[in-house]
Amino acid sequence: MSGVVEARLAELGLTLPEVVPPLATYQPAVRSGAYVYTAGQLPMVKGNLPVTGKVGAEVSAEQAKELAATCALNALAAVKSVVGDLDKIARVVKVVGFIASAPDFTAQPGVLNGASELLGAVLGDKGVHARSAVGVAVLPLDAPVEIEIQVELVPGA
């Protein structure tokens, strides 16, 4: 455990997972100047998707909200893999959530709240961000949710 952010994760009963290995030719996260951009993070738990299918059909909105939180945790792991310490995060700038949606499902923002709430709980004011919640037809591996984040690092990090 290395700092305030990871101590907060522990207080919340959460453990930062291993970085999810790429499914294709890309990096889980890339640093550019003072920013780290993550690739889309699926709700993988120990190498597996706990649930597959469309939100509003095979997957409930509440399940999907929990999966979005898992995606955000995986995104934090990807950020740490690049910068070494989550205390170097100055703020989360943007969160983009893709929700594999049944044709009549329109509550994508509520699903993405799972990621937003986790980032706020872990990072406090540094976790407040802009975001987009997008309904899509299908995601890799038939995942219900995929999240990417952009973070700004503290000066000199």
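The paragraphs below walk through this predicted model, beginning with its sheet and ending with a loop.

A good place to start is the open sheet of five strands, whose order is β1-β2-β5-β3-β4 and whose pairing is mixed. The edge strands are β1, covering residues 29-32, and β4, each of which pairs on one side only. From one strand to the next, the twist averages 15 degrees. Strands of a sheet pair through backbone hydrogen bonds, and this pairing may be either parallel or antiparallel.

Following the order from the β1 edge, one meets an antiparallel pairing of β1 with β2 over four bridges, in which Arg31 stands opposite Val36 of β2. On the other side, β2 pairs with β5, again in the antiparallel sense, over three bridges, and here Val36 stands opposite Val151 of β5. Val36 can therefore serve as a landmark, because it faces Arg31 and also Val151 in β5. Strand β5 in turn pairs with β3, residues 89-100, in the antiparallel sense over nine bridges, and within that pairing Ile149 of β5 is the bridge partner of Val95.

How enclosed is strand β5, and why? Seven of the nine residues in this strand, which spans residues 145-153, are buried, so β5 is largely enclosed by the rest of the structure.

Two helices lie across the sheet. Helix α2, made of residues 61-83, lies across β1, β2, β3 and β5 and runs at about 40 degrees to β5. Helix α3 lies across β3, β4 and β5, and its direction is at about 145 degrees to β4. Helix α3, residues 108-123, also meets helix α1, residues 4-11: their axes come within 8 Å and cross at roughly 115 degrees. On the α1 side the contact is made by Val5, Arg8 and Leu9, and on the α3 side by Ala121, Val122 and Leu123. Sorted by class, this contact has five nonpolar residues, no polar residues and one charged residue.

Within strand β2, which covers residues 35-38, Thr38 deserves a closer look. Thr38 is buried, because its relative accessible area is 8% and the limit for that class is under 20%. Setting aside neighbours within four places in sequence, Thr38 is in contact with Pro28, Ala29, Ala75, Ala78, Val79, Glu148 and Ile149. With Ile149 there is also a polar link, since the side chain of Thr38 reaches the backbone nitrogen of that residue at 2.9 Å. By contrast with these contacts, the C-alpha atoms of Thr38 and Val136, which are 98 residues apart along the chain, are separated by 19 Å.

Two tyrosines, Tyr35 and Tyr37, form an aromatic pair, with 6.5 Å from centre to centre and 40 degrees between the planes. The pair is described as tilted because an angle of under 30 degrees would count as stacked and one of over 60 as edge-to-face. The count of aromatic pairs comes to one. As for accessibility, Tyr35 is partly exposed at a relative accessible area of 28%, and Tyr37 is likewise partly exposed, at 39%.

The last stop is the loop between β4, residues 130-136, and β5, where Leu141 has its place. Asp142 lies in that loop as well. Most residues other than glycine have a negative phi. Against that background, Leu141 has a positive phi, near 60 degrees, although the residue is not a glycine, and Asp142 also has a positive phi, of about 65 degrees, without being a glycine. Is Asp142 buried, partly exposed or exposed? Asp142 counts as partly exposed, because its relative accessibility of 28% falls between the limit of under 20% for buried and that of over 50% for exposed.

Terms used. Residues numbered from 1 in each chain as written. Predicted model: local features only at pLDDT ≥ 70, side-chain atom pairs only at ≥ 80, totals over all residues. Heavy atoms only, no water. Axes fitted to C-alpha atoms, helices over the stretch in contact; angles between N-to-C directions. Contact = heavy atoms within 4.5 Å. Nonpolar A, V, L, I, M, F, W, Y, C, P; charged D, E, K, R; others polar. Phe/Tyr/Trp six-rings, centres within 6.5 Å; stacked < 30°, edge-to-face > 60°. Buried < 20%, exposed > 50% of the residue type's maximum accessible area, 1.4 Å probe, protein only. Polar contact = N/O pair within 3.5 Å; in protein donor to acceptor, adjacent residues only side chain to side chain. Pairing = 2+ DSSP bridges.
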